Amino acid sequence: MLKIFKPCDFHVHLREGQLLKYVLKENNKNFQKILVMPNLIKPITNKNILSKYRSFVLNNNNNNTEILFTIYLNQDCSIIDLKNMVNEKLFFAAKLYPLHATTNSSSGVKDIKKMSKYFEFLENNKIPLCLHGEHIHENDDPYEREKRFLDFELSWLVKNFKGLKITLEHITTKDSVDFVKSHKNIAATITTHHLLENTNTFLGNFLRPEIFCKPVIKSVNHQKSLLNAALSGNSKFFFGSDSAPHLKNRKFNEFCCAGVYSTKYSVSNILELFYTSKKSNNLNKFLTINGCKHYNLKFDNTLISYSRKKDFTFKKYSKFKNDSLINYNHFKNYWSKN
Ligand code: NCD
Ligand code: ZN
């Protein structure tokens, strides 16, 4: 048996409409806080869009989960509008996507260095900046994008905005682990699938479209570095699932979209990982404390018991309308709430 605080997921995609209702329910079961990403088909770039989305989410939320909203920061955002939203506490963090980096990023930012007035605004108002950390440039290798982002964009950002609180999202490389460790005011989220998979399990034998995501899964050496960072309990690293639902007919398709839906079994997978690595003592740090510390959030420290069910039959697909969602799972054993 393991006893932990109810976990937090500091990076999740709820989507919209009926799908949101379904996905939010699964989040309610598992998490005390979630940080919700703004990359809707029409991204959340202003107060009007955010207010509608907030009402829809909050009306469908079971109140035990605290929802933290993000705004989609791009060159079309208005500082006055942002100021109004900050005064009304409508969003918690700003998310920046480089142009064409990932799903729904066609309104993303082409040149981060032209965004200084927004970074100053965030810094002055103590709003965290969450980054999709990939440098996107024609013909650059997808495996190099994260490293190049550190060199071209992130180094510039931390040098010029020393008071800005930054979260480097879903890191996949040793380079990012080292960068985050050696700079102030920056922490990183790590996903379940980047901890548990590598290029061999992704495409070394058969290609597994269900774990195709951005940033793309890296080699075993990078994976080891992520594992060390997460399992060590280092306060700069915490859980953000990047659970990103796409319907099966969009994943198993001529053009497979990027994103892994992991919410259903993510807590179980993380528990099994820490348990089998003999690091259960650091579970609360990775799943709750480190993220809350980074974001200055209070958390519920009621303990919840989970027990281990051996050789559990996992549900690979969850029916949704005429299609299904593909549930990511890695292990044979399942940790269920008592
Ligand atoms: C995410 C999605 O589908 O919204 N996809 C992904 O591959 N991770 C977007 C993102 O976080 O990059
Ligand atoms: Zn994401």
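Ile67 keeps company with Leu24, Ile34, Val36, Val57, Leu58 and Asn61, once its neighbours within four places in sequence are set aside. Keep in mind that this is a predicted model. Ile67 is part of strand E4, which covers residues 66–72, and it is buried at 12% relative accessible area. From there, the tour below goes to the zinc ion, ligand 1, a couple of buried polar residues and the salt bridges.

**Around Ile67**
- The contacts of Ile67 outside its own stretch of sequence include Leu24, Val36 and Val57.
- How far apart are Ile67 and Asn104 in space, C-alpha to C-alpha? The two sit 21 Å apart, with their positions 37 residues apart in sequence.

**The zinc site**
- Three residues hold the zinc ion (ligand 2): His11 and His13, each through NE2, and Asp242 through OD, at 2.0 Å.
- The site has 4 donor atoms, and its geometry is tetrahedral, with angles running from 95 to 134°.
- For reference, the ideal angle for four tetrahedral donors is 109.5 degrees.
- Along the sequence, the donor residues follow the spacing H-x1-H-x228-D.
- His13 comes from the loop between strand E2 (8–12) and H1, while Asp242 comes from the loop between strand E9 (237–239) and helix H10 (248–251), so this pair ties together parts of the chain that are 229 residues apart in sequence.
- Both of these donors are tucked away: His13 is buried at 6% relative accessible area, and Asp242 is buried at 7%.

**Ligand 1**
- There are 15 residues around ligand 1, and those that come nearest are Arg15, Asn39, Thr102, Lys214 and Asp242.
- Asp242 therefore turns up twice, as one of the residues nearest ligand 1 and as a donor to the zinc ion (ligand 2), with its place in the loop between E9 and H10.
- Which part of Lys214 lies 2.8 Å from an oxygen atom of ligand 1, backbone or side chain? It is a polar backbone atom of Lys214.
- His246 uses its side chain instead, with an N or O atom 2.9 Å from an oxygen atom of ligand 1.
- Thr103 also brings in its side chain, where an N or O atom is 3.2 Å from an oxygen atom of ligand 1.

**Ser241, in the loop with Asp242**
- Ser241 sits in the loop between E9 and H10, and with 0% relative accessibility it counts as buried.
- What does the side chain of Ser241 touch at 2.5 Å? That polar contact is with the side chain of Asp9.
- The Ser241 side chain also reaches the backbone nitrogen of Ser243, at 2.9 Å.
- Beyond its neighbours within four places in sequence, Ser241 is in contact with Asp9, His11, Val12, Thr191, His193 and Ser262.
- One of those contacts, His11, is also a zinc donor through its NE2.

**Asn290**
- Is Asn290 buried or exposed? Asn290 is buried, at just 2% relative accessible area.
- Asn290 belongs to helix H12, residues 283–294.
- Leaving out neighbours within four places in sequence, the contacts of Asn290 are Gly233, Asn234, Ser235, Phe237, Phe238 and Lys285.

**Salt bridges**
- The structure holds 10 salt bridges, and three of them are picked out here.
- Glu26 pairs with Lys264, with the closest N and O atoms 3.2 Å apart.
- That pair links distant parts of the chain, since Glu26 is in helix H1 (residues 17–30) and Lys264 is in helix H11 (residues 263–276), 238 residues apart.
- Glu26 is buried at 5% relative accessible area, whereas Lys264 is partly exposed at 22%.
- Lys147 and Asp151 join their side chains in a salt bridge at 2.9 Å, N to O.
- Lys147 and Asp151 are separated by about one helical turn because they are 4 residues apart in helix H5 (residues 145–160).
- Lys147 is partly exposed at 30% relative accessible area, and Asp151 is partly exposed at 44%.
- Lys114 and Asp111 make another salt bridge, with the closest N and O atoms 3.8 Å apart.
- Here Lys114 is exposed at 69% relative accessible area, while Asp111 is partly exposed at 33%.

Technical notes
Residues are numbered from 1 along each chain as its sequence is written. Chains are lettered from A and ligands numbered from 1 in the order in which they are written. This is a predicted model: local features need pLDDT of at least 70, side-chain atom pairs count only at pLDDT 80 or more; totals for chains, interfaces and linings use all residues. Side-chain values use heavy atoms; hydrogens and water are left out. A salt bridge is a side-chain nitrogen of Lys or Arg within 4 Å of a carboxyl oxygen of Asp or Glu. Helices (H or I, at least four residues) and strands (E, at least two) are DSSP runs, numbered from the N terminus. Buried means under 20% relative accessible area, exposed over 50%, partly exposed in between (1.4 Å probe, protein chains only). Donors are N, O and S atoms within 2.8 Å of the metal (3.2 Å for Na, K and Ca); water is not among the atoms, so sites may look incomplete. Four donors count as tetrahedral if all angles lie between 85 and 135 degrees; four count as square planar and six as octahedral if opposite donors are over 155 degrees apart and all others between 65 and 115; anything else is irregular. Contact means heavy atoms within 4.5 Å. A residue is near a molecule or strand if one of its heavy atoms lies within 4 Å of it. A polar contact is a pair of N or O atoms within 3.5 Å; within protein, one must be able to donate a hydrogen and the other to accept it, and residues adjacent in sequence count only if both atoms are side-chain atoms.
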